[in-house]
Amino acid sequence: MSQDLHLHTLISDGELDPVSLLQQAAARGIRELSVTDHDALGAYAWQDGAVFGEAKRLGLDLVVGLEMDADMDGLEVHLLGLGVTLDDPRLAAHLGSVRQARCERARREIGIVNRLLGAGSVAESDIFAAGREPLMKPHFIHPLLDKGLFPTYEEANAWYRKNVKAGVTVPKPSLAQAIGLVKGAGGSAVLAHPGYYEKAGVAMAKRLADLAALGLDAVELDYPYHACSPHLFSEQDQRVFIGAIRAAGELLGLRFTRGSDCHTSQDFEKVYAGPWADRSGY
């Protein structure tokens, strides 16, 4: 079965609405998928749960999921929660607190950006778009690029990180706590794109035993690192890293998943046009 258990919509930092996302995936032969927006489950409630009807129409196996920010020894890591229930009170409370903090941070950041770059550089309507739940830095960066205030995303992002300090702390559970929230909601806890943590200095193949002891169920093994981040991963880097994680994970009895991390139509074209698309799911 062709699988993609890591996809984003306009509910978080993607561009596609949930139904269009399913259609894009189905057109590329995906049959099992999950919408995993950042700290949000709103894609499943969008337009009265339209994704469930669309999944049935397209013959897709839709797995309810999300991608949670978590802390691993001071490093932000992302945890996929797959198969979670939509009405778990502890998970809902956590997501609500994250959403509230992000909203407060965004309101302060709008003021900071407009003070530094000039009135009207960003408007509330740019950030607080209909249906959007977690308000994230890309929601600021893209309007700045659209207005021609920076030549590239990378330069805008670097300026933003240096200059925009709102002083609002967004709740970020430890990885152990995040795993507990996912499993408490009936889901499987899957470590997303571990290759990026390897590049941040963590020896992930060795670290998996510790994470399995915390209750981690699976690792996102099949991920298009080279297509998404060619400045970090050559095709050879990708093969070597995935091989090492596979060997370590198999010894620990961890399961493996496949995910593209697509956020836009362009992401689908980029990722699914290359060699990664020819690999079978897990």
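Helices (H or I, at least four residues) and strands (E, at least two) are DSSP runs that are numbered from the N terminus. This is a predicted model, in which local features need pLDDT of at least 70 and side-chain atom pairs count only at pLDDT 80 or more, while totals for chains, interfaces and linings use all residues. Residues are numbered from 1 along each chain as its sequence is written, and side-chain values use heavy atoms, without hydrogens and water.

**View 1. The whole protein chain, with its 12 helices and eight strands.**
Before turning to the close-ups, it helps to look at the chain as a whole. Along its principal axes, the C-alpha trace spans about 55 × 45 × 40 Å. Of the 282 residues in the chain, 52% count as buried (under 20% relative accessible area, with exposed over 50% and partly exposed in between; 1.4 Å probe, protein chains only). When contacts (heavy atoms within 4.5 Å) are taken between residues at least 6 apart in sequence, 73% of them join residues that are at least 24 apart.

**View 2. Asp73, in the loop between strand 4 and strand 5.**
Strand 4 covers residues 65-72 and strand 5 covers residues 75-82, and Asp73 is found in the loop that lies between these two strands. Most residues other than glycine have a negative phi. Asp73, although it is not a glycine, has a positive phi of about 55 degrees. The relative accessibility of Asp73 is 64%, so this residue counts as exposed.

**View 3. His193, in the loop between strand 6 and helix 8.**
This loop has strand 6 (188-191) on one side and helix 8 (195-199) on the other, and His193 is part of it. Phi of His193 is near 25 degrees, which is a positive value in a residue other than glycine. With a relative accessibility of 6%, His193 counts as buried.

**View 4. Ser188 in strand 6, with the residues that it touches.**
Ser188 lies in strand 6. Leaving aside residues up to four places away in sequence, Ser188 touches Leu80, Gly81 and Leu82, and also Val182, Asp217 and Arg255. To follow a longer separation along the chain, the reader can look from Ser188 to Asp261, which is 73 residues away in sequence, with 18 Å between the two C-alpha atoms.

**View 5. Helix 9 packed against helix 11.**
Helix 9 (residues 204-213) and helix 11 (residues 235-252) pack at an angle of about 30 degrees, and their axes are 9 Å apart. Here axes are lines fitted to C-alpha atoms, for helices over the stretch in contact, and angles run from 0 to 180 degrees between N-to-C directions. The two helices, 9 and 11, are therefore roughly parallel to each other (angles under 35 degrees; over 145 is roughly antiparallel, 65 to 115 roughly perpendicular and the rest oblique). On the side of helix 9, the contact is made by Met204, Ala205, Leu208 and Ala209, and on the side of helix 11 it is made by Phe241, Ala244, Ile245, Ala248, Gly249 and Leu252.

**View 6. Helix 3 crossing helix 6.**
The axes of helix 3 (residues 89-117) and helix 6 (residues 153-163) come within 11 Å of each other and cross at roughly 110 degrees. That angle makes helix 3 roughly perpendicular to helix 6. Helix 3 brings Glu109, Ile112, Val113, Leu116 and Leu117 to the contact, whereas helix 6 brings Trp159, Tyr160 and Asn163.

**View 7. Helix 5 packed against helix 6.**
Helix 5 (residues 137-146) packs with helix 6 at an angle of about 120 degrees, and the two axes are 10 Å apart. Helix 5 is therefore oblique to helix 6. In this contact Lys137, Pro138, Phe140, Ile141, His142, Leu144 and Leu145 of helix 5 meet Tyr153, Ala156, Asn157, Tyr160 and Arg161 of helix 6.

**View 8. Glu155, a residue of helix 6.**
This last view picks out a single residue. Glu155 has a relative accessible area of 42%, and so it is partly exposed. Between Glu155 and Leu145, which are 10 residues apart in sequence, the distance in space is 9.8 Å from C-alpha to C-alpha.
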